[in-house]
Amino acid sequence: MNEKVLPPVEGDPIAAIATPVGVGALSVVRMSGGGVFAIADKVFTKAHAPEVPIADSPGYTAHFGRLYDGDLMVDEVIVLVFRAPNSFTVENMVEITCHGGPVVTRHVLQLLLDNGCRLAQPGEFTRRAFINGRIDLLEAEAIGEMIHARSESAYRTAVNQMKGGLSGKLDTLRERLLTSCAMLELELDFSEEDVRFQSRDELTDQVERLQCEVGQLVDSYQHGRLLSEGVATAIIGRPNAGKSTLLNALLGEERAIVSHMPGTTRDYIEECFVYDKTMFRLTDTAGLREAVEEIEHEGIRRSYEKIAQADLILYLMDISAGDFAEEIAAIRTIAAQYPGTKMLVAANKTDRTASCEERMQMVGQETGCMVLGISALQQEGLDELKKAMGAMTENLDKLHDASVLVTSMRHYEALRNASDALQNARELIDREEETEFIAFELRSALDYVGEITGKVVSEEVLNVIFDRFCIGK
């Protein structure tokens, strides 16, 4: 049951651009692995104390000088030195800060490649940090989530996970599972003597506590998903209600094609916007009606799929129309079909009627939904609509401690599997089954928890995770 601790592995020298390619004041090109100091000394000449090579320079030091490709000066740069194991990858590292711009940056990178480095794979620096024990797999994923965060809530959640809050929680769970497994393994070793090192009542109590804590993490996924992926918001309604116009107005750009002809939106369009730290994933769907042709029928089918997946339904209706019986019936039907989904009614085209307040009040009374008047075309009432959308989701990040939120589907599935294994173990204990069967389920739960932090992980899983990273990270 003891875990094998591997010494840090120093890989072959790799290099990559660590900053976005484009015109800017500065760019950073980094190297990591065996021999990077020697490579730096081949191409870099220090402006001060040139007799002291980079290979003999202390870690955490910066050196100003010039890069040369043979006799050709490439750029004036600053070279940062990081000595193993006190670096991000736990290897020797060099970071070169050069002037920004794609040409000079690529020239610096090519210079390193020509002198012994190979181009890093996506996420290879972070992968080496994981392999060498600098971070666990969950923290590595949190780095990627922080880089790609599109809202303040998603960013803050990723930072908290990168600090190790969830990792610490899972390590504690795993230690307790290890203890229970060890006790059962001892029983198996002494099976002929019929010795029990832990009473079944004590084991039941431990398994129940573990089930409760794992269950809380599983339940946190719904809220963590909303913070990291955004609130899935389906904009629905009848054709020509103004759904595409509203999408464009909320985004502040012409994203969807707007037409007065009904049924022109044949497929959904999905875009994001952020309001007060919360990201909303808006989906403009095909108008809900009896389809007149096959393509429109498929678009409407996909609309209902998006409604089923939504966290918030934004029903858009034309308040200037004369008869609301069908609209009210449709709102009632959708609310009944998805009772757990928040729903908000936006009464559009208020600029076309003088009696919109009376009509909105009637719709609200008949449906039980909040109704807000807007004019998507004139961009009136949008601030109030955004506030209402925010109010419906404002408590999502307050329901759980942000440091122990589960935000990844991979983590969620592993925890669900661990929960199922613990439930199986509990049932086996209750039925007084053989120790080896109980031990098998607890070992399974142990492995599922270990998959999250990388204690137990396959090469295939690592490839999937780190392939999502950019080259240079």
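**Figure 1. V345 stands opposite V371 of strand β13 in this predicted model.** The view follows the pairing outward from these two valines. Strand β12, which covers residues 342-348, pairs with β13 in the parallel sense, and four bridges link the two. Both belong to an open sheet of six strands, arranged in the order β9-β10-β8-β11-β12-β13 with mixed pairing. At its edges are β9 (269-275) and β13 (370-373), each of which pairs on one side only. On average, neighbouring strands here are turned by 25° against each other, direction ignored. As a general reminder, strands of a sheet pair through backbone hydrogen bonds, in either a parallel or an antiparallel sense.

**Figure 2. Helix α12 lies across the six-stranded sheet.** Spanning residues 382-393, helix α12 lies across β8, β9, β10, β11, β12 and β13. If you fit axes yourself, compare α12 with β12: the helix runs at about 175° to that strand. For orientation, β12 and β13 are the parallel pair with four bridges. Helix α8, residues 243-251, packs on the sheet as well, where it touches β8 (231-236), β9, β10 (278-284) and β11 (312-318). The direction of α8 makes about 155° with that of β10.

**Figure 3. Strand β1 is covered on both faces.** Which residues of β1 (residues 14-17) are buried on each side? I14 and A16 are buried on one side, and A15 and I17 are buried on the other. Strand β1 also has two pairing partners to look for in this view. With β2 (residues 26-32), β1 runs antiparallel, joined by four bridges, and A15 has M31 of β2 as its bridge partner. With β7 (residues 118-119), β1 pairs in the parallel sense over two bridges. There, I14 has R118 of β7 as its bridge partner.

**Figure 4. Strands β4 and β5 form a hairpin with two residues between them.** The strands, β4 at residues 61-69 and β5 at residues 72-82, run antiparallel and are joined by nine bridges. D69 stands opposite L72 of β5. Check the backbone torsions in the hairpin and you will find that G70 takes a positive phi near 70°. Strand β5 also runs antiparallel to β6 (residues 93-99), with five bridges between them. In that pairing, V79 stands opposite I96 of β6.

**Figure 5. S408 helps to line the largest cavity.** A search of the whole structure turns up one cavity of 30 Å³ or more, and the largest cavity holds about 40 Å³ of space. Its lining is made of L138, E141, A142, E145, Q161, T407, S408 and H411. Helix α4 (residues 137-148) gives the largest share of that lining, with four residues. S408 itself sits in the loop between α12 and α13 (409-430). Is S408 buried or exposed? S408 counts as buried, because its relative accessibility is 16% and the cut-off for buried is under 20%. A polar atom of the S408 side chain lies 3.1 Å from the backbone nitrogen of R410. Leaving out residues up to four places away in sequence, S408 touches E141 and Y221.

**Figure 6. T453 of helix α14 is buried and in contact with D171.** Helix α14 runs over residues 435-453, and T453 is part of it. With a relative accessible area of 3%, T453 is buried. Apart from neighbours within four places in sequence, T453 is in contact with F130, D136, L137, L138, L170 and D171. One of these contacts, L138, also lines the largest cavity.

**Figure 7. D171 of helix α6 touches T453 and K455.** Helix α6 covers residues 165-189. How does the accessibility of D171 class this residue? At 30% relative accessibility, D171 counts as partly exposed. The contacts with T453 and K455 leave out residues up to four places away in sequence. This view also offers a handy distance to check: the C-alpha atoms of D171 and V449 are 8.5 Å apart in space, while the two residues are 278 apart in sequence.

**Figure 8. The whole protein has 15 helices and 13 strands.** This overview puts the close-ups in context. Of the 473 residues in the protein, 48% are buried. Among contacts between residues at least 6 apart in sequence, 68% join residues at least 24 apart.

Note on methods: Residues are numbered from 1 along each chain as its sequence is written. This is a predicted model: local features need pLDDT of at least 70, side-chain atom pairs count only at pLDDT 80 or more; totals for chains, interfaces and linings use all residues. Side-chain values use heavy atoms; hydrogens and water are left out. Two strands pair if DSSP finds at least two bridges between them. Axes are lines fitted to C-alpha atoms, for helices over the stretch in contact, and angles run from 0 to 180 degrees between N-to-C directions. Contact means heavy atoms within 4.5 Å. Buried means under 20% relative accessible area, exposed over 50%, partly exposed in between (1.4 Å probe, protein chains only). A polar contact is a pair of N or O atoms within 3.5 Å; within protein, one must be able to donate a hydrogen and the other to accept it, and residues adjacent in sequence count only if both atoms are side-chain atoms. On a 1 Å grid over the protein atoms alone, a cavity is a set of points where a 1.4 Å probe fits but cannot get out, and a pocket is an open set with protein on both sides within 12 Å along at least five of seven lines; lining residues have an atom within 4 Å of a point. Grid points are joined across faces, edges and corners, and a volume is the space filled by probe spheres set on the points.
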